[in-house]
2 protein chains.
Amino acid sequence: MSGPTTVTAAILVIGDEILSGRTKDKNIGYITEYLTRVGIDVREARIVPDVEEEIVAALNALRARHDYVLTTGGIGPTHDDITADSVGRAFGVPVGEDPRIIALMLERYSPTDLTPARRRMARVPQGADLIENPISRVPGFRIDNVYVMAGVPSIMQTMLDFAVKTMKTGVAMLMETIEAGGVPEGRYGDALATIAAEHPETSIGSYPSFKDGRFANQIVVRGKDDAAVAAAKTAVEAMLASMTADLKPL
Amino acid sequence: MSGPTTVTAAILVIGDEILSGRTKDKNIGYITEYLTRVGIDVREARIVPDVEEEIVAALNALRARHDYVLTTGGIGPTHDDITADSVGRAFGVPVGEDPRIIALMLERYSPTDLTPARRRMARVPQGADLIENPISRVPGFRIDNVYVMAGVPSIMQTMLDFAVKTMKTGVAMLMETIEAGGVPEGRYGDALATIAAEHPETSIGSYPSFKDGRFANQIVVRGKDDAAVAAAKTAVEAMLASMTADLKPL
């Protein structure tokens, strides 16, 4: 499942509010789905608190391992917004006020409204490129393979549109979902393992869900080669057709 | 914000389906909120794919750093369910079929229905305790400070109820939310930083949200000491009362 056209990414979500449960993260699901669609494989995601050492350590681990790292959160004007400084420290580069961002802010704020707090949002690591923010103007930024975006989902989403345009993309992952139609996982598990072994160009997963007291299983075949995915799908369907449904879910 | 009553935890979500965006994780938000309520501080969360080396590396990093690690996903009957083996490898202990689980399964399945796939669900690392599963019976397990739970949210949630009973809990985090009432972050950011510095026993965050074209900011004061949280809240409210609302969000 890897090769010359594989592009990988990791997501780093920054914020105490996510780890306390106060805010439910919506960015990981959005980014993973988006990147998968354009052929970038998300291999890992981490959520860390607003603590510089934690952000630096996670960022350095992830940026060494993946083509891209996308961060969300911590780029606003308040004291708990420490992402820019943490990214600067991770790269060992100074962080300073960017005149391009000040100019963007002056389109929105009068000079007297440009409080020290707001000026914090203009601080980026030296050498960073900006990531456009059509909603509230203050941009995210990119340094090397790290994309730093807002935490507010609607703003993050517009930044992501812009950011992805600058990324190399791989062959998109194809995904076929097959409803198991009442056949429990425990009945098809062995046969599915055989099919998975016989179709090494694909990745096959089985996902039970439980709703209103009933289980429903889905089998998902993923891969980057059309014919390989189609062949595995056919094998799964033939296997399921040979089995009987059952009230037991697993 | 730490002390003798601080109990920490990390969450490890295991599954390709989360990293492809196919399934939107609902467990992190649930677990963080639950543990925060009982006084356990979640300090980190990671999402890793169904790859043994990745699971082992993440688990060993997290279990060394935190009082507890809670994992979700990968304990079903299919070939992509490799959590038990990965946990065993992380601890360096053998993984084998547990007669207690086989007995539980025989309450649900006839002996002929106990397929090899289903028997996979009885495999746990040597020395593990079981975590009850009232919904589909097959348990999760605990080894040392690691709690291994199902990925299906409703099952995970009942396992969590059971698991938390065996954890030491700390002093619950108190949380006060103050609506900024239209005052932009960029206006109160400097004053809020001063308040945060003056109330070191609390952690103060500012969270903008954006909906239907409008921003709404909330300031959250967190801490474990009643009086300290109340004092910081009063200071924030007095600060906001001295400011005027504004249409700019940040």
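**Exercise 1.** Does D144(B) count as buried, exposed or partly exposed, and how many C-beta neighbours does D144(B) have inside 10 Å?

*Solution.* The model is a predicted one, and the values below are computed from it. Begin with the count of neighbours, which for D144(B) is 15 C-beta atoms inside 10 Å. Next, recall that a residue is buried at 20 or more such neighbours and exposed at 12 or fewer. D144(B) therefore counts as partly exposed. As for its setting, D144(B) is placed in the loop between β7 (140-143) and β8 (146-149) of chain B, and the backbone there has a positive phi of about 55 degrees, although D144(B) is not a glycine.

**Exercise 2.** Describe the backbone, the place and the exposure of D144(A).

*Solution.* Start with the backbone: D144(A), which is not a glycine, has a positive phi of about 55 degrees. Then locate the residue, which lies in the loop that runs between β7 (140-143) and β8 (146-149) of chain A. Finally, apply the neighbour count: 16 other C-beta atoms are found within 10 Å of D144(A), so this residue is partly exposed.

**Exercise 3.** Characterise the overall fold of chain A by its elements, its extent, its burial and its contacts.

*Solution.* First count the elements, of which chain A has 9 helices and 11 strands. Second, consider the extent: along the principal axes, the C-alpha atoms of chain A fill a box of roughly 75 × 40 × 30 Å. Third, turn to burial, where 51% of the 250 residues of chain A count as buried. Last, take the contacts in chain A between residues at least 6 apart in sequence, and note that 68% of these join residues at least 24 apart.

**Exercise 4.** Work out which parts of chain B touch chain A, and what kinds of residue they bring.

*Solution.* The first step is the count, with 63 residues of chain B in contact with 63 residues of chain A. The second step is to assign the side of chain B that touches chain A to elements: those that supply at least two residues each include α2 (27-37), β2 (40-48), α7 (153-164) and β10 (202-211) of chain B, while α8(B) gives the largest share, 8 residues. The third step is composition, and this side of chain B divides into 27 nonpolar, 18 polar and 18 charged residues.

**Exercise 5.** How many bridges join strand β2 of chain A to β2(B), and which residue stands opposite R46(A)?

*Solution.* Strand β2 of chain A, residues 40-48, is joined to β2(B) by 3 bridges, and the two strands run antiparallel. Within this pairing, R46(A) stands opposite R46(B).

Terms used. Residues are numbered from 1 along each chain as its sequence is written. Chains are lettered from A and ligands numbered from 1 in the order in which they are written. This is a predicted model: local features need pLDDT of at least 70, side-chain atom pairs count only at pLDDT 80 or more; totals for chains, interfaces and linings use all residues. Helices (H or I, at least four residues) and strands (E, at least two) are DSSP runs, numbered from the N terminus. Two residues are in contact if their C-beta atoms, placed from the backbone, lie within 7 Å. Ala, Val, Leu, Ile, Met, Phe, Trp, Tyr, Cys and Pro count as nonpolar, Asp, Glu, Lys and Arg as charged, and the others, Gly among them, as polar. Two strands pair if DSSP finds at least two bridges between them.
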